[in-house]
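Biologist: I'm new to this one, so could you walk me through it? Let's start with the charged pairs and then move on to the strands.

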Amino acid sequence: MLYILFAIALIILLLYVVFLKRKNNINQILPSLDDESRALLREHVVFYTELDDAQKAIFETRMLHFLNTTRITGVNTVVEQLDRILIGASAIIPIFGFADWEYMNLNEVLLYPDSFSHDFAQQGDERTILGIVGDGPYQNIMILSKHELRQGFLNKTGKNNTAIHEFVHLVDKTDGAVDGLPESLMAKQYVLPWLNLMQKKMQEIVSNESDINPYGATKQAEFFAVVSEYFFEQPDLLQEKHPDLYMLLTKIFKQQPQRKETGK
Ligand SMILES: [Zn+2]
């Protein structure tokens with residue numbers, strides 16, 4: 001009898017320790033953004049530097065809330081403050097136009113040192129080498145490559161940003177399907193124009209008449225994620241080269257990203 005009581009006490013203690021550890025993991029970031037984090041945002045996140053002071057304050061608050069409620073775990077790599085900031089920024093950028101948005105379909109981000117093999121998680125997004133939004137057993141989990149995460153922000157003239165890509169899949173998934181059509185966010189009158197435009201622009205990629213990442217031609221969900229990367233990374237260029245796409249994306253995301261300071 002005593003053994004059983006002892007065993008139960010031990011299990012409770014173990015659970016408590018595990019719970020505390022997980023909680024601590026989540027709460028590594030404090031209630032307000034410190035100077036170091038703000039400096040990292042300023043240095044690496046152009047989207048943030050383009051905001052006015054009031055918007056910057058909102059961005060910081062929302063990013064902090066995301067980081068305080070989402071576990072970020074390094075797998076064979078250390079999660080540095082820069083990684084946290086870049087993941088937090090990638091999460092907020094696509095949803096900055098939706099005032100009260102929270103990612104209800106995400107609990108944890110796993111950070112891998114670099115690309116990971118296809119057999120690690122066969123379900124979910126096909127872009128497994130760079131990032132993945134989990135499905136099946138990986139529901140509510142996102143996996144990112146640390147190398148790709150940083151590359152997306154370090155290269156300030158590129159149109160690619162893997163972390164933003166994956167968060168856009170989560171936005172797309174809100175209505176239940178990752179299909180390139182975020183129906184719950186779009187006003188009805190834009191649904192048909194968006195479907196038609198996607199088909200047209202995907203065809204242009206197939207015919208080699210487009211500067212959009214060819215990965216966008218694989219399916220509508222990837223097209224939506226790929227042009228969203230372009231929209232947030234090089235909005236002026238997208239507006240110039242694909243004004244119709246830019247216009248509809250401003251309706252979908254309810255924001256108009258621009259590059260005042262850095263030019264094109
Ligand atoms: Zn994808």
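Modeller: Sure, and keep in mind that this is a predicted model. Counting a side-chain nitrogen of Lys or Arg within 4 Å of a carboxyl oxygen of Asp or Glu, the total comes to 11 salt bridges.

Biologist: Take R38 and E60: which helices does that pair tie together, and how many residues apart are they in sequence?

Modeller: Their side chains meet in a salt bridge, with 3.0 Å from N to O. R38 sits in helix α2 (residues 35-44) and E60 in helix α4 (residues 53-69), so the bridge ties together parts of the chain. The helices you asked for are α2 and α4, and the separation is 22 residues.

Biologist: Is E60 buried or exposed?

Modeller: The cut-off for buried is under 20% relative accessible area. R38, its partner in the salt bridge, has 22% and counts as partly exposed. E60 has 13%, so E60 is buried.

Biologist: What about R150 and E80: where in the chain does each one lie?

Modeller: This is another salt bridge, at 3.5 Å from N to O. The pair links distant parts of the chain, 70 residues apart. R150 is in helix α6 (residues 146-154), and E80 is in the loop between β1 (71-74) and α5 (81-92).

Biologist: Which residues are linked with R150 and E80 in a network of salt bridges?

Modeller: E80, which is partly exposed at 37% relative accessible area, pairs with R150. Both belong to a network of salt bridges, and the other members are D83 and K146.

Biologist: And K201 with D244: which of the two is buried, and which is partly exposed?

Modeller: Their closest N and O atoms are 3.8 Å apart, which falls within the 4 Å limit. K201 lies in helix α8 (residues 188-206) and D244 in helix α11 (residues 243-253), so the bridge ties together parts 43 residues apart in sequence. At 5% relative accessibility the buried one is K201, while at 28% the partly exposed one is D244.

Biologist: On to the strands: do β1 and β2 run parallel or antiparallel?

Modeller: Strand β2 covers residues 108-112, and four bridges join β1 to it. In one of the pairings, G74 has L111 in β2 as its bridge partner. The two strands run parallel.

Biologist: What handedness does the β-α-β unit have, left-handed or right-handed?

Modeller: The unit is made of β1, α5 and β2. Right-handed would need a clockwise path over the helix, seen with the strands pointing away from the viewer. This unit is left-handed.

Key: Residues numbered from 1 in each chain as written. Predicted model: local features only at pLDDT ≥ 70, side-chain atom pairs only at ≥ 80, totals over all residues. Heavy atoms only, no water. Buried < 20%, exposed > 50% of the residue type's maximum accessible area, 1.4 Å probe, protein only. Pairing = 2+ DSSP bridges.
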